[in-house]
Amino acid sequence: MTLPSCSAFTFAAFSLPPLPRKKFKAKHLAFSLATIGLSTCLAVPASAQSNSLDTVIVTGTRARDRTVLTSTSPIDILTAEDLQRAAGSDGTLGSALQTLLPSFNLPRQSNSGGADHVRAAQLRGLSPDQVLVLVNGKRRHTTAIVNLESKVGKGTNPVDFNAIPVNAIKRIEVLRDGAGAQYGSDAIAGVINVILEDAPNGGEIQLGAGTHRTKFAPTDQRITDGKMVDLSVKAGMPLGTGGFLRGGVELSHRDATNRAGLDEIPFFENQTPENLALLNKRNYRAGDPKLEQTSLWFNSAAQFGNDIEAYGFGTWSKRRSNGAAFFRYPDSSANVSSVYPQGYLPETTGRDTNLSLSGGLKGSWGTEWYYDASLSFGRNGFDYGLNHSLNASLGEASPTSFHLGDYTFNQLTANLDATRELNFGLAKPAYLALGAELRRERFQTRPGDLASYQIGPIEAPSGAQAGPGLQPADAANVSRHVAGLYADLSAELTSSLYGSAALRWDRYSDFGSAATGKLSARYAFTPEVAARATVSSSFRAPSLAQSAFSFTVTDRGEGGILSQVRTLPVSNPIARALGATDLKAEKARNFSLGLTAQPSKGVSVSLDAYQILVDNRITLSERLGGDALRDFIKTNFGIAGVDGVNFFTNAVDTRTRGVDLVTSWETAVANGKLQLTLAASYATTRLRGERPLPAQLAQLGISTSLVGLEERNTLTTATPSNRSIFSAQWQGSEWTFGGRLTRHGATTRVFDFGDGFTPTQTYAAVWQLDLEAELRLNRQLRLAIGAVNVGDKYPTRSISDIAYFGNLPYDVLSPIGFNGAYYYARLKYAF
């Protein structure tokens, strides 16, 4: 293979105009530029497989001739084989995306309430609800659960990636650019489009099994746990001429993992013989939940005549999971010793059901227009519960299992899209796309059982421990309607210049309208080297849950007096009196500039720099309290004992800047095919504006910021600023060998325990190595064995002020997780 001239390519790379320099670390950009030159000169490249480079993309463009390298925006294509090999220790789509995409982050929450059951993902370090997810180009519904105890994703309602079965996927297109003018709300960080399998023949049966095996330093143990078994089946059949029906099922079971440390017994617990007997024992649980999941899916199309196609597709999943909560000690006011003489470890339960169905017609009107008319329905239902708990105020009469509440989100969407070619006398026809969207959304919550929030006759903590349940007064039932219109025009303006423009207008019945636009262009200096740039505006509408969610914790305070801490919707009269206002849409401005190159056969490189400015980001306010606030609420609303409140606000503006590098190289080696890939991402977010404390709160003597220290940490430094993934795969006639080396960047955790006690720790970058070997036993049967995190690496140990008295030795923030090495085998039969 003849490699390109290093000097010629380096000149092209360094011809990029610079990013704004203020507070942007030039060394990171210089590193990326140096890496791009080095990777090409040494033929060490990176992330999209070369066999995907010529695939015509359908995300981020209405034209029918764009590919990964000819797109005006950065886009990745992940094949079904990529995803299956990268699904990791839990076999889920979210884990596969994190393994393959350096800008995608999916932290493993633990002891975090609902976040133990529904994991929130990020793209480019932004909020989990600032990425749009499509399935076959149709908007996917979001989750219903409102997480108040999570770190990343607190107060958001993102899409649950793990509810989409991996064996249903043909490929995934990941648009790393703002796309509000093309798709409407949520597409600030980008768009992830899941394309379902559509083969009319053949099928596959796959059986996988694995387990964690690790040396756990905090307890000096060899631990084997987290055993997983999954079975998937899929098959297809033709429907008439040109049609197909394909579907499948995916079953998975995973045992829990536990990486809790040795208990030092918190100083504020009673230092009695009953409690001290548990000293230096593993009383807590920190790790992945136990879960069982069943998923079904189908995809279909049928031809009617020469110009009409009817299509339908859908997914359904049901997941049962058991999370962890903090241990309750034997001699504690939260315990009834006759019920739990050794103390108890509450276990949160989640019953999560997702349904998504779409159907439509596509075809041509006359000889010029092509249309796609569709109707889609999506639903998420989450049943939240508790086992191994109690309501201490009920004494021995307390149940030990509780229903904490139900959360439901429904979405019904109608779309009409029309495209045609226009002849402007250019070398190629232009593409015009027009479309309309109507959507109805509904969010509902239903209360838990009485005992989950009840205040019993005994003077002890009330409500279910590790709860409490949702109270009837907090139940919500809200809906809204959305209408959208868009226009998109793209054209090959010259033989070297391609451009596109898009405009969109959306109207929401609950908060108003939003107009967005996008301009993008690609200029080819030579057939091998091109520059691309985009400027766009996007928005994210406040979710119904953020507007309507209400939650109350009622307990006894000093002297047995009842007290409350309340999360209030902004429409609540108390919240209004304290300065809350209607939530506004988050508004974003995206700028990107990139370079793509194919300097020789089998080699591709792309480098994209970007800036995202987001105004009016929605966050959950700091808990606000004090004697004056309590007296104000009692005097004006007749509610006594409200010690604290919080509510959602448009409190901050942020700026995110970053660089994405993607290179790949493919060549023939040793009678096989060698693929080397390298992908690297760097992004930082800082606060650039903050709303002042409302005057109503200042008048009550409250001086804290609306956005607390911990939330600032979540928005800026809790996510790794950089990740790099280097992969190598050799495929021969019988054997396939693969390896992946990932560098997870540093993360920072900040706690605010009050009175100026704010323990802070930065967790160092960590390297992870994954290996796999696959043997083709015959034309139909393949056997693979592999290991994730072969080196059994862990994040930095947490300092004592963060490790909660030795019980939680590792933080959840690092993408490497804290389960250690995982070993697996996979048997696949194709027919």
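Strands here are DSSP runs of E, at least two residues long, numbered from the N terminus. By that rule Ala668 lies in strand β27, residues 648–669. The model is a predicted one. This briefing covers an enclosed helix, two open sheets, two buried threonines, a nonpolar surface patch and some backbone details.

**Helix α4**

- Helix α4 spans residues 93–100, and eight of its eight residues are buried, so the rest of the structure largely encloses it.
- The buried set runs through Leu93, Gly94, Ser95, Ala96, Leu97, Gln98, Thr99 and Leu100.
- The cover over these residues includes one helix, α3 (80–86).
- Strands also contribute to the cover, including β1 (75–79), β2 (104–105) and β6 (169–175).
- From later in the numbering, β29 (722–731) and β30 (735–744) are among the covering elements.

**Sheet β1-β6-β7-β4-β5**

- Five strands make up this open sheet, in the order β1-β6-β7-β4-β5, with mixed pairing.
- Its edges are β1 and β5 (138–139), and each of them pairs on one side only.
- Five bridges link β1 with β6 in the antiparallel sense.
- Leu78 has Ile172 in β6 as its bridge partner.
- Both β1 and β6 also appear among the elements that cover the buried residues of α4.

**Sheet β21-β22-β26-β25**

- This open sheet has four strands, ordered β21-β22-β26-β25, and the pairing is mixed.
- The edge strands are β21 (551–556) and β25 (624–625), each pairing on one side only.
- β21 and β22 (residues 562–567) run antiparallel and are joined by six bridges.
- In that pairing, Thr552 stands opposite Arg566.
- β22 and β26 run parallel, with four bridges between them.
- Val565 and Gly644 of β26 are bridge partners.
- β25 and β26 (residues 642–646) pair antiparallel over two bridges.
- Leu624 faces Val645 of β26 across that pairing.
- In general, strands of a sheet pair through backbone hydrogen bonds, either parallel or antiparallel.

**Two buried threonines**

- Thr552 sits in β21.
- The relative accessible area of Thr552 is 4%, so this residue is buried, the cut-off being under 20%.
- The side chains of Thr552 and Asp474 make a polar contact of 2.9 Å.
- Beyond residues up to four places away in sequence, Thr552 touches Pro468, Gln471, Asp474, Gln564, Val565 and Arg566.
- Thr534 belongs to strand β20, residues 529–540.
- Thr534 is buried as well, with a relative accessible area of 2%.
- The side chain of Thr534 makes a polar contact of 3.0 Å with the side chain of Asp177.
- A polar contact of 2.6 Å links the side chains of Thr534 and Ser592.
- Outside its neighbours within four places in sequence, Thr534 has contacts that include Thr72, Ser73, Lys518, Leu519 and Ser520.
- Asn590 and Phe591 are also among the contacts of Thr534.

**Nonpolar surface patch**

- A nonpolar patch on the surface has about 910 Å² of accessible area in total.
- Its members include Ile205, Leu207, Val229, Leu231 and Leu251.
- Leu777, Leu783, Ile785, Leu827, Tyr829 and Phe831 belong to the patch too.
- At least two patch residues come from each of β8 (203–216), β9 (221–239), β34 (781–788) and β35 (822–830).
- Ile785 is placed in β34.
- Ile785 has a relative accessible area of 52%, so this residue counts as exposed, the cut-off being over 50%.

**Backbone details and exposed sites**

- Most residues other than glycine have a negative phi, and most peptide bonds are trans.
- The bond between Gly467 and Pro468 is a cis peptide, with omega about -5°.
- Pro468 is in the loop between β16 (430–447) and β17 (477–492), and Pro468 is one of the residues touched by Thr552.
- Asp220 is not a glycine, yet its phi is positive, near 55°.
- The loop between β8 and β9 holds Asp220, which is exposed at 59% relative accessible area.
- Asn671 also has a positive phi, about 60°, without being a glycine.
- Asn671 lies in the loop between β27 and β28 (672–690) and is exposed at 82% relative accessibility.
- Ala668 of β27 is exposed, at 66% relative accessibility.
- Ala668 and Gln731 are 63 residues apart along the chain, with 9.6 Å between their C-alpha atoms.

Methods: Residues numbered from 1 in each chain as written. Predicted model: local features only at pLDDT ≥ 70, side-chain atom pairs only at ≥ 80, totals over all residues. Heavy atoms only, no water. Buried < 20%, exposed > 50% of the residue type's maximum accessible area, 1.4 Å probe, protein only. Contact = heavy atoms within 4.5 Å. Polar contact = N/O pair within 3.5 Å; in protein donor to acceptor, adjacent residues only side chain to side chain. Patch = residues over 30% accessible without salt bridge, like charges linked within 9 Å, V, L, I, M, F, W, Y side chains within 5 Å. Areas by Shrake-Rupley, 256 points an atom, 1.4 Å probe, with all protein chains shown as cover. Salt bridge = Lys/Arg side-chain N within 4 Å of Asp/Glu carboxyl O. Pairing = 2+ DSSP bridges.
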